[in-house]
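This report goes through one chain, from its overall make-up to individual side-chain pairs. The sequence and structure come first.

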Amino acid sequence: MTQHVRDKEPETAVEPGRVRALEPLCLTLMAGAGVLFVVRPEFYEAGVHLFASRAASLVH
């Protein structure tokens, strides 16, 4: 983001430096989830089941 644009948008909710600091953490969490999906697929199935049952309970 250029300095000119940053000056025109003071209400931006996320600071660029903070995003850069959180990016490695998010990538690590996503990589861990991907490995868990491959190694233990029953956790993925349980998560899908939990999400579906919660969504169904909201509809009814």
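## Surface and burial

Accessible areas here come from the Shrake-Rupley method with a 1.4 Å probe. On that basis the accessible surface of the chain is about 5,700 Å². Carbon and sulfur atoms account for 68% of that surface.

The model is a predicted one. The chain has 60 residues, and 0% of them count as buried. Buried means under 20% relative accessible area, exposed means over 50%, and partly exposed lies in between.

## Confidence

Mean pLDDT over the chain is 80. A value of 70 or more is reached by 70% of the residues.

Confidence varies along the chain. The lowest mean, 57, belongs to helix H1, residues 3-8. The highest, 90, belongs to helix H3, residues 41-59.

## Secondary structure

The chain contains 3 helices and 0 strands. Along the sequence this gives the pattern α-α-α. Helix H2 covers 16-39, and helix H3 covers residues 41-59.

## Aromatic pair

The structure has 1 aromatic pair. Phe-37 and Tyr-44 form this pair, with 4.7 Å from centre to centre and 80 degrees between the planes. The arrangement is edge-to-face, because planes over 60 degrees apart are classed that way.

Tyr-44 is located in helix H3. Both rings retain accessible area: Phe-37 has a relative value of 43%, and Tyr-44 has 49%. Phe-37 is therefore partly exposed, and Tyr-44 is likewise partly exposed.

## Nonpolar patch

Val-35, Phe-37, Val-38, Val-39, Tyr-44 and Val-48 make a nonpolar surface patch of about 600 Å². The residues of the aromatic pair, Phe-37 and Tyr-44, are among its members.

Which helix gives the most to the nonpolar patch? Helix H2 does, with 4 residues. Helices H2 and H3 each supply at least two residues of the patch. Membership requires over 30% relative accessible area. Phe-37 at 43% meets that cut-off, and Tyr-44 at 49% meets it as well.

## Salt bridge

Side chains of opposite charge can pair when their charged atoms come close. The structure holds 1 salt bridge. It joins the side chains of Arg-40 and Glu-42, with 2.5 Å from N to O. The cut-off for such a pair is 4 Å.

Are the two partners buried or partly exposed? Arg-40 is partly exposed, at a relative accessible area of 38%. Glu-42 is also partly exposed, at 38% relative accessibility.

## Contacts of Leu-36

Leu-36 is part of helix H2. What does Leu-36 touch, leaving aside residues up to four places away in sequence? Its contacts are Pro-41 and Phe-43. Leu-36 has a relative accessibility of 39% and so counts as partly exposed.

Methods:
Residues are numbered from 1 along each chain as its sequence is written. Side-chain values use heavy atoms; hydrogens and water are left out. pLDDT is the predictor's confidence in each residue, from 0 to 100. Buried means under 20% relative accessible area, exposed over 50%, partly exposed in between (1.4 Å probe, protein chains only). Rings of Phe, Tyr and Trp (its six-membered ring) pair if their centres lie within 6.5 Å; planes under 30 degrees apart count as stacked, over 60 as edge-to-face and the rest as tilted. Patches are made of residues with over 30% relative accessible area and no salt bridge: like charges are joined within 9 Å, nonpolar side chains (Val, Leu, Ile, Met, Phe, Trp, Tyr) within 5 Å. Contact means heavy atoms within 4.5 Å.
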